[in-house]
Amino acid sequence: MKGILLYIWELPQNLLGLLLRVIYKGHDNEYNDAIVRRSTKMRGGISLGRYIIINQWSTDKTVMHEYGHTIQSKKLGWFYLLLVGLPSILHAALCSCRNHSYYDVYPEKWADKLGGVMRK
């Protein structure tokens with residue numbers, strides 16, 4: 001029952017994650033309670049609910065970072081897309097990151113902390 005309630009709490013991002021799993025073919029494995037799809041077609045990574053989609057050659061550190069976003073999703077529920085997803089996508093699309101690391105800004109820094117990623 002708890003799993004069903006959590007899935008509904010994260011429903012918008014879970015539905016988007018399922019859709020992207022159809023689009024990005026690849027192979028799956030589990031990381032904690034998330035499903036990780038590695039795909040040659042994905043350039044970076046994205047976390048939507050319990051679904052993580054990353055490039056086939058992504059490192060463990062990328063999986064940990066994306067899992068941090070999965071934890072954010074659990075905490076924020078329906079607010080995740082507005083408070084984390086949208087800022088993260090906009091930052092990835094618009095940031096040249098010449099003067100700072102991509103991971104130095106909210107919500108990336110928070111995802112690193114939740115996922116146990118240590119950066120210099």
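**Pockets and a nonpolar patch**

Biologist: What volume does the second largest pocket have?

Modeller: About 170 Å³, counted as the space filled by probe spheres on grid points joined across faces, edges and corners. A pocket here is an open set of points on a 1 Å grid where a 1.4 Å probe fits, with protein on both sides within 12 Å along at least five of seven lines; lining residues have an atom within 4 Å of a point. This is a predicted model, where local features need pLDDT of at least 70 and side-chain atom pairs 80 or more, while totals for chains, interfaces and linings use all residues. Residues are numbered from 1 along each chain, and side-chain values use heavy atoms, without hydrogens and water.

Biologist: Which residues line that second one?

Modeller: Ser101, Tyr103, Asp104, Lys109, Asp112, Lys113, Val117, Arg119 and Lys120. They split into 6 charged, 2 nonpolar and 1 polar.

Biologist: And what's the volume of the largest pocket?

Modeller: About 620 Å³. It has 26 lining residues, and Gly45, Ile46, Ile89, Ala92 and Tyr102 are the closest to its centre. The lining holds 14 nonpolar, 9 polar and 3 charged residues.

Biologist: Which helix gives the most to that lining?

Modeller: H4, with 8 residues; H4 spans 80-94 (helices are DSSP runs of H or I, at least four residues, numbered from the N terminus).

Biologist: Switching topic, where is Phe79, and is it buried or exposed?

Modeller: Phe79 sits in the loop between H3 and H4. Phe79 counts as exposed because its relative accessible area is 52%, and exposed means over 50% with a 1.4 Å probe, protein chains only.

Note on methods: Helix = DSSP H or I, 4+ residues; strand = E, 2+ residues; numbered from the N terminus. Nonpolar A, V, L, I, M, F, W, Y, C, P; charged D, E, K, R; others polar. Buried < 20%, exposed > 50% of the residue type's maximum accessible area, 1.4 Å probe, protein only.
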